[in-house]
Amino acid sequence: MQLLQHFLPDTQHIRLKHWHLNVADAHLQATVASTQTTASCPVCRSLSSRVHSRYQRTLQDLTLAQYRLTLQLKVRKFFCRNSACIRRIFTERIPKIAAPWARKTARLVQRLQSIGLALGGAAGTHLVEQLGYQACGSTLLNHLKQLPLPHFEVPKLLGVDDFAFRRGRQYGTILVDLEQHQPIALLGDRKAETLADWLLQHPGVEVLSRDRSKVYRSGMNQGAPNALQVADRFHLVQNLVETLEKVLSSYSAELKAIEQQQRPPATAPEVVIIRAKPTATAKAQARFQAAHGKRVEQQQQVKKLHQQQWSQIAIAQAVGVSVRTVRRYLRLPDLPATLPHRKSFGRSVLDPYKPMLLKWWNGGIRQPTLLVNLLQQQGYQGSERTLTRYISQLRQAQGLPTKPGHSPQSSVKVVDPQSPPLTARRASYLIVKRQENRARADQELMQQVVAQHPDLAIAVELADEFLRMLRQRQGEALEAWLMKALKSSFKPFQSFAAGLLDDYAAVKASMMSNVSNGPVEGLNNRLKLLKRQMYGRAGLELLSKRFILAS
């Protein structure tokens, strides 16, 4: 009895009277009684010792080892001695044990709330069952809703970013204390008025960090006009990459020539260099191209009718698409006539093992099953079909039948350099990449880009100057760079500079201070994970509590 007394939730206000252990059901039932001599009225707070009656409450408690613990709590009802009180009879409260009308002890509710914060409803239910409790996913979420949001002090440095409830349809706003790296609030939308109202209700913010959103800029100007706005440097670099990609897309012939120069020459006439090719059949490629051609034609019709002042609903009915598709076609630039390769074109799980595979292949080992076994010993986790598809390319490069048979083995050696194509996207990424992080091959490639065409050299110089200002905090040189970009012959750089000039104060502040929106982006990623875990139950109230309280 004395040992079990120490396992009770509150050893001062209740005492153990007797217990019963059901080994078959793994259930421990303890009967306890209150030791309070007086009780406080929940309405008028007056003390009373006059007992009206007694009754018993059944409470589910934490498990002891593998045994479920249930408390049979005997409590009393008292007469209120205050004649002016509206409550004549009340039940004594033991807040450390359980809340009024609760079926679970307070410590069990706290345990369930912690599980709900960490895992949510569906995943939390599996852990609850393993721990021996009885609670479904809805119960976990209901306990979670009872938690209040923590009080916070208005931060001096506030980070703002948007997140999606439903991508493309409904968005919210996340507010983060950049000094503590802690989220403080989630707003139900990303309107300027909502952000302005929050800033007016919480005065004291001195620095506001944001992306290039004009909506947030307007809300900050309304809600905190005296605060310093700082544009996020990551988004500035991202805008620069997009600008470079638009510029370099007009020089595809020059990039193709540089790619040809980068290809390693064949050291002997018997060496054949193979290139990546689409894995889809010719029929499938034709089908994909036909579908892409239809989209190109639809976009041209949409833009032509839009220029003729047609409404979006009328355009959708005439072209045979939805209104949402019409908006997307009007927002997107002109689609290319030919279907572009996907971003992962040419990549394969076999890439890290190709040098070893070619060594075995050129050494005479040609059996696919044997090659798969050898590669699996080296850590290869792909399928045999992926390997046989690559082997067919090897045989075709050597002039052999694509299917293995009794054909004589060729003495022609095969080389696969695995160099990715030099596209506008890849070239843009190499330009903004720090010089100390570039490989030697990338440095040589950048030298060839600069030497290939004078316009490319100018574009690289403009990008390098902007990155230097951004990374070395040289905001005083921003105005001169803007004038240089506006006078350049590149329309994308002119548009980029015009956008920076429109947001001049925030852009210059990003080049003068160390304030970063990086913590906001990191917390935003965790918010996306929580939202996906909770599926359709991720409303603003519940999502805010899981996100903020767990942080």
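This tour of a predicted model visits a sheet, the helix that packs on it, and a pair of helices.

Begin by selecting strands 8 to 12, which form an open sheet of five strands in the order 10-9-8-11-12, with mixed pairing. Colour strand 10 (182-187) and strand 12 (228-231) separately, since these are the edge strands, each of which pairs on one side only. If you look across the sheet, neighbouring strands are turned against each other by 30° on average, with direction ignored.

Next, restrict the selection to residues 157-166, which make up strand 8, and residues 170-177, which make up strand 9; these two strands pair in the antiparallel sense over eight bridges. Within this pair, show phenylalanine 163, whose bridge partner in strand 9 is glycine 172.

Now add helix 5 (residues 192-201), which packs on the sheet and touches strand 8, strand 9, strand 10 and strand 11 (207-210). The direction of helix 5 makes about 130° with that of strand 10.

Finally, move to helix 10 (residues 312-319) and helix 11 (residues 323-331), which pack with their axes 8 Å apart and at an angle of about 100°. Angles of 65 to 115 degrees count as roughly perpendicular, and helix 10 and helix 11 are therefore described as roughly perpendicular to each other. To see where they meet, display the side chains of Gln312, Ile313, Ile315 and Ala316 in helix 10 together with Val323, Val326, Arg327 and Leu330 in helix 11. The residues of this contact between helix 10 and helix 11 divide into six nonpolar, one polar and one charged.

Note on methods: Residues numbered from 1 in each chain as written. Predicted model: local features only at pLDDT ≥ 70, side-chain atom pairs only at ≥ 80, totals over all residues. Heavy atoms only, no water. Axes fitted to C-alpha atoms, helices over the stretch in contact; angles between N-to-C directions. Helix = DSSP H or I, 4+ residues; strand = E, 2+ residues; numbered from the N terminus. Parallel < 35°, antiparallel > 145°, perpendicular 65-115°, else oblique. Contact = heavy atoms within 4.5 Å. Nonpolar A, V, L, I, M, F, W, Y, C, P; charged D, E, K, R; others polar. Pairing = 2+ DSSP bridges.
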